[in-house]
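This report looks at how the helices of one protein chain pack against each other and at the spaces left between them. The sequence and the model are shown first, and the description follows.

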Amino acid sequence: MGSGRNGANKTKKNVSSGLTDVETKQRGKKTLHNFLVIIFTVYIAIGIAYITQHPEGLPSLTEERSEAKPYKSFPEFFPFYLQEHSDVQCRISHYIGTTIVTFMMVLNPSTLFALMVGFINGYLACGLFAFADNGLYEALVMLCTFFIVEYSLSKSIKGAILALLIGYAFAWVGHFMFEKNVPATFIYPSFSLISDFKMLFQAIATMEP
């Protein structure tokens with residue numbers, strides 16, 4: 001009898017709200033999604049503001065700084081990045097990959113949020129792990145953040161994996177086939193990521209490859 005009463009009450013609630021159980025769940029998911037979008041948007045704004053004021057990122061965990069990482073901030077790094085992309089074919093390869101990823105983010109905004117949050121955390125980690133000889137720790141922070149944010153917003157990481165593969169595939173083809181050097185992303189993953197987009201925007205603005 002008790003279970004019958006509960007079922008009747010549940011039915012009345014559904015009738016009074018005008019929503020089925022499925023619609024109620026969908027509304028709850030949409031509310032959570034919108035809440036996460038707001039949280040990530042605020043975090044991105046705070047992160048950009050912090051990086052603008054502190055271009056070297058978070059203080060290093062140790063007082064030592066690796067000789068492999070002479071550049072402390074993105075403004076210091078970008079001229080070096082351009083030198084490492086002096087071959088036109090290498091730059092064009094980067095432009096193609098970055099453009100495809102940009103369109104993918106336009107079509108799937110969750111990937112855009114994931115990339116931006118991942119970049120911010122990676123940038124902060126760059127200073128934090130300045131003692132390391134490579135960008136492994138920084139890359140792990142970026143990747144974990146990227147996939148966690150993507151999954152929290154879209155409940156899938158397929159789009160994130162595809163964007164990652166396309167972006168780096170074109171970039172590394174440019175380096176290993178044309179430029180004949182090692183990608184800077186192995187040492188500075190976050191600086192290299194934002195440099196890819198800045199180099200593309202500069203090419204569009206100047207109409208020069």
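The pLDDT is the predictor's confidence in each residue, on a scale from 0 to 100. The structure discussed here is a predicted model, and its protein chain averages a pLDDT of 91, with 91% of the residues scoring at least 70. Over residues 7-12, however, the pLDDT is below 50, and this stretch has one contact in the model beyond near neighbours in sequence.

**Helix packing**

Two packed helices are described by the angle between their axes and the distance between the axes. Three pairs, each of which involves helix 6, are set out below.

| Helix pair | Angle between axes | Axis distance |
|---|---|---|
| Helix 6 and helix 8 | roughly 60 degrees | within 8 Å |
| Helix 2 and helix 6 | about 145 degrees | 9 Å |
| Helix 6 and helix 7 | roughly 140 degrees | within 9 Å |

Helix 6 spans residues 136-154 and helix 8 spans residues 189-206, and their axes cross at roughly 60 degrees, so that helix 6 and helix 8 are oblique to each other. On the side of helix 6 this contact is made by E138, A139 and M142, and on the side of helix 8 by P189, S190, F191 and L193. By class, five of the residues in the contact of helix 6 with helix 8 are nonpolar, one is polar and one is charged.

The axes of helix 6 and helix 7 cross at roughly 140 degrees, and helix 6 and helix 7 are therefore also oblique to each other. Here L143, F146, F147 and E150 of helix 6 are in contact with A160, I161 and L164 of helix 7; six of these residues are nonpolar, none is polar and one is charged.

In the packing of helix 2 with helix 6, the residues H33, L36, V37 and F40 of helix 2 meet V149, S152 and L153 of helix 6. This contact holds five nonpolar and two polar residues, with no charged residue among them.

**Pockets**

The largest pocket has a volume of about 530 Å³, and of the 27 residues that line this pocket, L143, L164, Y168, T185 and L193 are the closest to its centre. Some of these names have already appeared in the helix contacts: L143 and L164 take part in the contact of helix 6 with helix 7, while L193 belongs to the contact of helix 6 with helix 8. At least two lining residues are supplied by each of helix 4 (88-107), helix 5 (109-128), helix 6, helix 7 (158-179) and helix 8, and the largest share, seven residues, comes from helix 7. The lining of the largest pocket comprises 19 nonpolar, seven polar and one charged residue.

The second largest pocket encloses about 410 Å³ of space and is lined by 18 residues, with I48, M116, F119, I120 and I194 lying nearest its centre. Two or more residues of this lining come from each of helix 2 (21-53), helix 3 (74-83), helix 5 and helix 8, and helix 5 gives the most, with six residues. Of the residues lining the second largest pocket, 17 are nonpolar and one is polar, and none is charged.

**The cavity**

How many cavities of 30 Å³ or more does a search of the whole structure find? The search finds one, and about 80 Å³ of space lies in this largest cavity. Its lining is formed by Y81, H85, H94, Y168, A171, W172, H175, P183, A184, T185, S192 and D196. Helix 7 and helix 8 are the elements that give two or more residues to this lining, and helix 7 gives the most, with four residues. By class, the lining of the largest cavity has six nonpolar, five polar and one charged residue. Two of the residues named for the cavity, Y168 and T185, are also among those closest to the centre of the largest pocket.

Methods
Residues numbered from 1 in each chain as written. Predicted model: local features only at pLDDT ≥ 70, side-chain atom pairs only at ≥ 80, totals over all residues. Heavy atoms only, no water. Axes fitted to C-alpha atoms, helices over the stretch in contact; angles between N-to-C directions. Parallel < 35°, antiparallel > 145°, perpendicular 65-115°, else oblique. Contact = heavy atoms within 4.5 Å. Nonpolar A, V, L, I, M, F, W, Y, C, P; charged D, E, K, R; others polar. 1 Å grid on protein atoms, 1.4 Å probe; cavity = no way out; pocket = protein on both sides within 12 Å on 5 of 7 lines; lining within 4 Å. Points joined across faces, edges and corners; volume = space filled by probe spheres on them.
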